[in-house]
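Work through the exercises below with the structure open. Try each task before reading its solution.

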Amino acid sequence: MSGYGGHRSDESKSGASILAAFIPTFTTAIVYIAIFVLIRPKSQKFYAPRTFLGTIPEKDRTPGSRASGKSWFHDFRSLPDHFVLQHNSLDAFLYLRFLKFIIALCFFGGCITWPILIPIHATGGGRSSQLDRFSFSNIARNDYLWAHIAVSFVLFGGTFCLIVRERLQLIGARQAYLLDEARARRLSSRTVLFLHVPQGALDPGNLKEYFGQDAEQSWPVEDCRNLDDLVEKRKAAAFNLERSQLDLIRATSKHFRRGQQVQEAATSAEEEALLPGPKALQKVLPLTRSIHDKIKRSLATVVETSENIDNRRTTGNNNLSRHSAIFVSFKTQAAAHTAYEEISFKPNLPNHTRFLNVQPKEVLWKNLAMPPEARVSKASLALSSAVAFIIFYSIPSGLIGTLSNVSYLAEKVKWLRWLEDLPDWVLALLTGLVPPALVSWLQSYVPKLFRHIAKLSGEPTIPQAELKTQAWTFAFQIIQVFLVTTFSSGAAAVAKKTINDPMGTPALLAEALPKASNFYLTYFTLQGTAGAADNILNYSDLLEYWFFRYVWHKTPRDQFGDHAQMKGTPWGSWYPKFTNLFVIAIAYACIAPLLLGFAVVGISLQYLAYRYSLLYVRQTKVDTRGENYQRALKQMVTGIYLAQLVLIGLFGARKAGKQATVMTAQLVITAILNAAVDLKVRPLELYLGRDKWYTDEAPLIAQVEGIDQDDEEQVHVSQHIRRLGLQPLGKNISSWLSNFLDAAIGSSRDRINTWMHEPRSRHFDDAEQVELSNDELEKAYENPALTAKTPKLWVPKDRLGISKQIIEENKEVGIQTTDDGAEIDDKGRLHWERDFEKVPIFSQPKII
């Protein structure tokens, strides 16, 4: 009879691990939701800012309450997802669609695998128990593996087709949104950013020579050198001055409250004149001398930096770079798209050099005026840094993976045998809950690092940096969260046996790797319960908000910033997380089909959490106009590749040569089809306006093809076939493919158009169109460092009149200051105006 804990190496603990993970995470989720329901009514700023906050235009606010008395939950259930499209952004709508698409694919996979593979695994003749009995590891006979081959053809083929169809639907959605007539009138929709243009193209007199007859206006990007740093330095000094002057008002008010009590009636000009001004206060109140010194230093810094900025602006240091960039606006959106497609000054450069729909607030100005060599060098260095981080992260990630199989190690490794004496429930927590919790915690910090590196890599705009963040984070998720964790978890279980019997390693891994799916069963459990509930409660950000609002931030500006600021949408970290979850689910679909069910439930709960967040909490701050979803769809095919590779490896380890050969052929076919789809679909994704505007070539095509040019449908089909290069496929096949593409793209475009122009949708109404003055137009795409002014300071009113004297003294040195909309009461408490229209430093950002 074995000793205590000796049975653990022979008996699966998969069920106990799942239960050990589910009970605490489900309990935690219930507690989180209960807290959320209780505190939501009193924390509307944090949990429902989109219902009232002035940051959101009134037409785009989510309904907050109903006259009928129905709760917010009724609104949450009744509002459709396309409400997010109408009142938030295309990106927000597509993210919800992305989550639903993953859920649908996993459900589709479950419908195929569960009726066939689960019974086969359960009766496979192996010795596995508990949940391991339903995995590939319980298959004892190789002839059973033909079922996996048959299922894989249907599952992976169907999944690939659905992904391709979704890519086509996305093209239609982006066409409807970006080419809408109301949006087309915006300046940004008619403007193209060109990088690395020759110096002659920067001359306004050469505008039409380089950019065509439809070019209207240009904004050459000037090399501001250190001007950006000076502007930031002045801004920081101005805000330090504002804080110090508030401290002076507080200290003075406190002193006069305790000592020389100011009478209620003492409001005459003569009496106010007796009160000392800020410069004289250091003589009256010794405690204010240190504050006065801070004011003096900050004031001197602001004045000196302002002089330096003015000198830099007037002495010609902001010259045009030899390798500069230029913004060019065109007469129409069609002309802009044509120029975007046809004009390129560095066609062989590996970096993209042309960009559409760029908003000035999205530009990373320091990255524009940069030689091609420097841009390529920075991009290469950034990529090397990201790769190095991903590789070396393997060390902690691998250690976490071994925890899920610690019972196997404890049995075989002498110095770990003390783990066998732990109670069963502790060991279950250690193997079930701890590993996925640690993985989730560690990986949450990775996108922030990648986002910082991406902005330093030479990307010209914030959306492009976010797309690079998405690519790197996805690579990290695949390598570290999936591959390293999977193989370290599986390898840990067979490490000792491999040492004793090296020749048996393939068979051991074939048995152990499917059992690593237990880690992901608990991972999906964690994500779907505690993870989803935590996304809604978001207690860490709530505590941070309370700390800064009530403890740290003291000035009216800081407190207004806390109130007005809304959480953004970090697409670069959101998309890779769930793309990787899909990859995990599809990769294990034929090995451990149960995982698909856990994925459906877990991601469905996350979908509800994100739906609430995008309806009530989040504001889209980085607008990629659907490119994040486009990239995610391409990345999802990685899951099919990995699933096929894993099956090839498992078949090979079991010496099932025939099955491995068939799977290898399937992998090759998938790769060829994916490359062909990319080749044909990419032009439609990149040049969205092709089908809408390219009508001038219709007569020529009709003549070449021998068709009636008045037959619009036939001419369109011929145009489509030629643009996609489908002629070699023959007339019948190419016509069928053209009609299929048109149907998929057109149905999505029509549906989005219908939603955008519903009566309740005012996302594209005339009120949103911004009319720019001549001066605003001239400076529309100028570097803000060339036009930025010293920030207006905001101090609160006080009964002693100190704020009025501060305003006058700041005015003497050219610093605009106001005390409107804020005051300090008799008890020293700060109050400021909640009506955004009355806040002197607030202005709605213009979308040009």
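The exercises below treat a predicted model.

**Exercise 1. The core and its main helix**

Task: Find which residues touch the most other members of the largest nonpolar core, and which helix gives the most to this core.

Solution:
- Step 1. Start with the core, which holds 131 residues. Y95 and F98 touch the most other members.
- Step 2. Look for the main contributor. Helix α5, residues 90-122, gives the most, with 16 residues.
- Step 3. List the partners of F98 beyond four places in sequence. They are Y575, F578, T579, Y629, A632 and M636.
- Step 4. Look for a core apart from this one. Another core has 18 residues, among them V197, A201, A335 and Y340.

**Exercise 2. The geometry of α5**

Task: Compare the span that α5 should have with the distance between its end C-alpha atoms, then locate its bend.

Solution:
- Step 1. Take 1.5 Å a residue. The 33 residues of α5 should then span 48 Å.
- Step 2. Check the ends. The end C-alpha atoms lie 45 Å apart, which agrees with the expected span.
- Step 3. Find the bend. α5 bends by about 50° at T113. A proline, P115, follows within four residues.
- Step 4. Inspect the N-terminal end. S89 caps α5 there: a side-chain oxygen of S89 is 3.5 Å from the backbone nitrogen of D91.
- Step 5. Judge how covered the helix is. Of its 33 residues, 24 are buried, so α5 counts as mostly covered.

**Exercise 3. Aromatic pairs**

Task: Classify the ring pair W571 and W574, then the pair F836 and F842.

Solution:
- Step 1. Recall the cut-off: planes over 60 degrees apart count as edge-to-face.
- Step 2. Set the context. The structure holds 52 aromatic pairs.
- Step 3. Apply the cut-off to W571 and W574. Their ring centres are 5.6 Å apart and their planes stand at 85°, so the pair is edge-to-face.
- Step 4. Place the two tryptophans. Both lie in helix α25, residues 571-587. They are three residues apart, about one turn of the helix. W571 and W574 are both buried.
- Step 5. Turn to F836 and F842. The centres are 5.0 Å apart and the planes at 65°, so this pair is edge-to-face. F836 is buried, at 6% relative accessible area.
- Step 6. Find an aromatic cluster. One is formed by F36, F46, Y47, W72, F73, F76, Y545, Y612 and Y616.

**Exercise 4. Two polar side chains**

Task: Decide whether Q470 and D819 are buried or exposed, and find their side-chain polar contacts.

Solution:
- Step 1. Locate Q470. It sits in helix α20, residues 462-500.
- Step 2. Compare accessibility with the limit. Q470 has a relative accessible area of 0%, so it is buried; the limit is under 20%.
- Step 3. Find a polar partner. The side chain of Q470 contacts that of N628 at 2.5 Å. Beyond four places in sequence, Q470 touches residues including G572, Y575, R631 and Q635.
- Step 4. Locate D819. It lies in the loop between β6 (817-818) and β7 (822-824).
- Step 5. Apply the limit again. At 2% relative accessibility, D819 is buried.
- Step 6. List the polar contacts of D819. Its side chain is joined to that of S803 at 3.0 Å and to that of K804 at 3.2 Å.
- Step 7. Add its surroundings. D819 also touches residues including W794, P796 and I807. The C-alpha atoms of D819 and P840 are 8.5 Å apart, with their positions 21 residues apart in sequence.

**Exercise 5. Positive phi and a distant partner**

Task: State the sign of phi at N538 and R625, and place each residue.

Solution:
- Step 1. Recall the background. Most residues other than glycine have a negative phi.
- Step 2. Check N538. Its phi is positive, about 50°, although it is not a glycine. N538 lies in the loop between α22 (517-537) and α23 (539-552). At 13% relative accessibility, N538 is buried.
- Step 3. Check R625. Its phi is positive, about 55°, and it is not a glycine either. R625 lies in the loop between α26 (594-617) and α27 (627-653). At 8% relative accessibility, R625 is buried.
- Step 4. Finish with S843, in the segment after β8 (830-832). S843 is exposed, at 57% relative accessible area. Its C-alpha atom is 9.2 Å from that of T55, 788 residues away along the chain.

How values were computed. Residues numbered from 1 in each chain as written. Predicted model: local features only at pLDDT ≥ 70, side-chain atom pairs only at ≥ 80, totals over all residues. Heavy atoms only, no water. Core = buried A, V, L, I, M, F, W, Y, C linked by side-chain atoms within 4.5 Å. Buried < 20%, exposed > 50% of the residue type's maximum accessible area, 1.4 Å probe, protein only. Contact = heavy atoms within 4.5 Å. Expected span 1.5 Å × (residues − 1). Bend = angle between axes of the 7 residues up to and from the residue. Polar contact = N/O pair within 3.5 Å; in protein donor to acceptor, adjacent residues only side chain to side chain. Phe/Tyr/Trp six-rings, centres within 6.5 Å; stacked < 30°, edge-to-face > 60°.
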